[in-house]
Amino acid sequence: MKHEVISSTYQLISFLLRYPTEEHRLAVEEAQRFVAEIEELSIKKSLTGFLDAISEWDQDQWVEHYIEVFDFGKTSNLYMTYLKLGEQKERGLELLKLKKFYEAAGFEVTDKELPDFLPLMLEFCGEARKEIRLELLAKHVAAIVETKNKLVKFESAYHLLLNALITLIKAEGLEVEEEALTVDEKPLSLEDVRIMQSMREQLINNQLS
């Protein structure tokens, strides 16, 4: 795959993993045209499958499914350090390291999103040099695989996005172990709940405004 296509594919997956707005609905046809030009058949198949699935939903169905699937602690989530670092102090240190990593690469991170939010990571990957993004992805690919496995069990079309991402990571030369992780779910801390409620309220406010 060409560098430009790889970067754009990371950006597309990042965009589609975010809370669905009317902008997402309007972008589906353009996304389908882009995906049709991808030469890697397995990536194309997964992305096409996801776009075909969501094109059959109305906006309310899409939003409802997103919240049901990614609401923190229910089935799966998009915060890649949470799986292995449920304790707030340890996770806080990892988030700080991630923010420093982004800043060292010249990527600005606002306080509106936690640094381990997968769409943010993939936005970074779409802009960073290959060796930099692979360094980041290597540290979190196990959590990406586990998230995909949970989405498969939930029978969510979103597993196709994660499948496309994992295939893309492999195509870039990173080894990926796709067996499920044997990690016990840890209960949410009060701080985690507070952060997630605040972020969800912000998403809803952005949607309404």
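Visitor: Leaving aside its neighbours within four places in sequence, which residues is Arg18 in contact with?

Guide: In this predicted model, Arg18 is in contact with His24, Tyr66, Glu113, Phe117, Pro119, Leu120 and Glu123, once its neighbours within four places in sequence are left aside.

Visitor: And where is Arg18 found?

Guide: Arg18 lies in the loop between α1, residues 3-16, and α2, residues 22-36.

Visitor: Does Arg18 count as buried or exposed?

Guide: Arg18 counts as buried, because its relative accessibility is 18% and the cut-off for buried is under 20%.

Visitor: OK, the helices on either side of that loop: at what angle do α1 and α2 pack?

Guide: The angle is about 150 degrees, and the axes of α1 and α2 are 11 Å apart. That makes α1 roughly antiparallel to α2, and the crossing in which α1 passes α2 is left-handed.

Visitor: Which residues meet there, α1 against α2?

Guide: From α1 there are Val5, Ser8, Thr9, Leu12, Phe15 and Leu16, and they meet Glu23, His24, Ala27, Ala31, Phe34 and Val35 in α2. By class, the residues of this contact divide into eight nonpolar, three polar and one charged. His24 of α2 also appears among the contacts of Arg18.

Visitor: Switching to the other end, how do α7 and α8 pack?

Guide: Helix α7, residues 130-153, packs with helix α8, residues 158-171, at an angle of about 150 degrees, and their axes are 9 Å apart. α7 is therefore roughly antiparallel to α8, and the crossing of α7 and α8 is left-handed.

Visitor: What does α7 meet in α8?

Guide: The α8 side consists of Tyr158, His159, Leu162, Asn163, Leu165, Ile166 and Ile169, which meet Leu137, Val141, Ile144, Val145, Lys148, Leu151 and Val152 in α7. The contact of α7 with α8 has 11 nonpolar residues, two polar and one charged.

Visitor: How many residues of α8 are buried?

Guide: Of its 14 residues, 10 are buried, so α8 is largely enclosed by the rest of the structure. Among the buried ones are Leu160, Leu161, Ala164, Thr167 and Leu168, and what covers the buried residues of α8 includes α1, α3 (41-54), α4 (59-70), α6 (118-127) and α7.

Visitor: What span should α8 have, and how far apart are its ends?

Guide: At 1.5 Å a residue, the 14 residues of α8 should span 20 Å, which agrees with the 20 Å between its end C-alpha atoms.

Visitor: Last one: what phi does Gly173 take, just after α8?

Guide: Gly173 takes a positive phi of about 105 degrees there.

Technical notes. Residues numbered from 1 in each chain as written. Predicted model: local features only at pLDDT ≥ 70, side-chain atom pairs only at ≥ 80, totals over all residues. Heavy atoms only, no water. Axes fitted to C-alpha atoms, helices over the stretch in contact; angles between N-to-C directions. Helix = DSSP H or I, 4+ residues; strand = E, 2+ residues; numbered from the N terminus. Parallel < 35°, antiparallel > 145°, perpendicular 65-115°, else oblique. Left-handed = near helix turned anticlockwise from the far one by under 90°. Contact = heavy atoms within 4.5 Å. Nonpolar A, V, L, I, M, F, W, Y, C, P; charged D, E, K, R; others polar. Buried < 20%, exposed > 50% of the residue type's maximum accessible area, 1.4 Å probe, protein only. Expected span 1.5 Å × (residues − 1).
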